[in-house]
Amino acid sequence: MNRRTLLRGVVGTGVLLTTGAGSPGRAHARGIVLPVRSCADWGARPASQAITVVPRRPVRILVHHTASDNVEDYSLDAACAQARWIQHVHMDQNGWLDSGQHFTNSRGGYLLEGRHQSLDALRAGDHMIQGAHCPGQNEAAIGIENEGTYVDAEPPTPQWETLVSFCVYACDQYGISPREIFGHRDFYADTVCPGDRFYAMLPRLRREVAAVLG
Ligand SMILES: [Zn+2]
């Protein structure tokens, strides 16, 4: 299968997540429409072992950067290639069963499913998938990888806007407080992730998410 064949399914908007569609009686954020490309959309390999379902809601969100190049290609093709590259590294170099993170956010602001079944879990809003993105947090925190290196650069606007929308949706679905949005380094001492510049923007991220959630 060549790359073009592999990517033939990657058209349109993917799965559309919309806030306000959940159980009645909950205070839902309005107006967020968030397209997500599933593992099938971006041509993920199958997981090498069974995925572990954690039968409870995550309690926080951890923000990561991929520490890869700050590419200028903001296309969907580039986003899908990035997701495949991460999966290869995590499976072939780290020896993990699948991508470690639950979701991936490209420089162009395309949101993609990371580990298989993470998208269904998020849409259900009552359980999570065991990740491999931060020791001690893999059954408690949703991990989102943001493409790029943000030690001394800030994420591009489309990527930032998708991150805000994703956090709004995830907080809404799982009942997570915006105060529970953290950087990887907050829970793991041996990393600079998500980079100093991005880390310094996390208070703003919490504020923007809280403003939408109301
Ligand atoms: Zn990280």
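Start by selecting Gln117: with 21 C-beta neighbours inside 10 Å, Gln117 counts as buried, because the cut-off is 20 or more. Keep in mind as you click around that this is a predicted model. Gln117 sits in the loop between strand 6 and helix 4 (118-124). Check its backbone too: phi is positive, about 75°, although Gln117 is not a glycine. Most residues other than glycine have a negative phi.

**A second positive phi**

Now jump to Ala67, in the loop between strand 4 and helix 3. Here is another non-glycine with a positive phi, this time about 60°. Is Ala67 buried or exposed? Neither, quite: it has 16 C-beta neighbours inside 10 Å, so it counts as partly exposed.

**Along helix 3**

From that loop, carry on to helix 3 and select residues 76-93. Its 18 residues reach 25 Å from the first C-alpha to the last, close to the 26 Å expected at 1.5 Å a residue. Next, colour Ala79, Cys80, Gln82, Ala83, Ile86, Gln87 and His90, which are the buried ones to look at. Turn the view until you look down the axis: the buried residues of helix 3 fall within an arc of 155°, so they line one face of the helix. An α-helix has 3.6 residues a turn, so residues three or four places apart point the same way.

What is on the face turned away from that buried side? Select His88, Asp92 and Gln93 of helix 3, which are exposed. Then flip back and show what covers the buried residues: the cover includes strand 2 (33-37), helix 2 (39-42), strand 5, strand 6 (111-113) and strand 8. Just past the end of helix 3, pick Gly95, whose phi is positive, near 75°.

**Into strand 8**

Strand 8 was part of that cover, and it is the next stop. Select residues 141-146: 6 of the 6 are buried, so strand 8 is largely enclosed by the rest of the structure. In a regular strand the side chains alternate between the two faces of the sheet. For strand 8, Ala141, Gly143 and Glu145 are buried on one side, and Ile142, Ile144 and Asn146 are buried on the other.

Which strands pair with it? Strand 4 (residues 60-65) runs parallel to strand 8, with 6 bridges between them; to find your place, look for Val63, whose bridge partner is Ile144. Strand 5 (residues 103-105) is also parallel to strand 8, joined by 3 bridges, and there Asn105 has Asn146 as its bridge partner.

**Helix 5 and the core**

Show Phe166 and its surroundings. Setting aside neighbours within four places in sequence, Phe166 is in contact with Leu34, Phe103, Asn105, Leu111 and Ile144. Phe166 is also among the residues with the most contacts inside the largest nonpolar core, along with Ile61, Leu112, Cys167, Ala170, Cys171 and Ile181. That core has 38 residues, and its largest share, 8 residues, comes from helix 5 (residues 157-174).

Select all of helix 5: 13 of its 18 residues are buried, leaving it mostly covered. From first C-alpha to last it reaches 26 Å, close to the 26 Å expected. Gly175 follows helix 5, with a positive phi near 70°.

**Last stop: a cis bond**

Finish at Pro194, in the loop between strand 9 (181-183) and helix 6 (196-199). The peptide bond joining Cys193 and Pro194 is cis, with omega about 10°. Most peptide bonds are trans.

How values were computed:
Residues numbered from 1 in each chain as written. Predicted model: local features only at pLDDT ≥ 70, side-chain atom pairs only at ≥ 80, totals over all residues. Core = buried A, V, L, I, M, F, W, Y, C linked by C-beta atoms within 7 Å. Buried ≥ 20, exposed ≤ 12 C-beta atoms within 10 Å, placed from the backbone. Helix = DSSP H or I, 4+ residues; strand = E, 2+ residues; numbered from the N terminus. Contact = placed C-beta atoms within 7 Å. Expected span 1.5 Å × (residues − 1). Pairing = 2+ DSSP bridges. Arc of directions from axis to C-beta.
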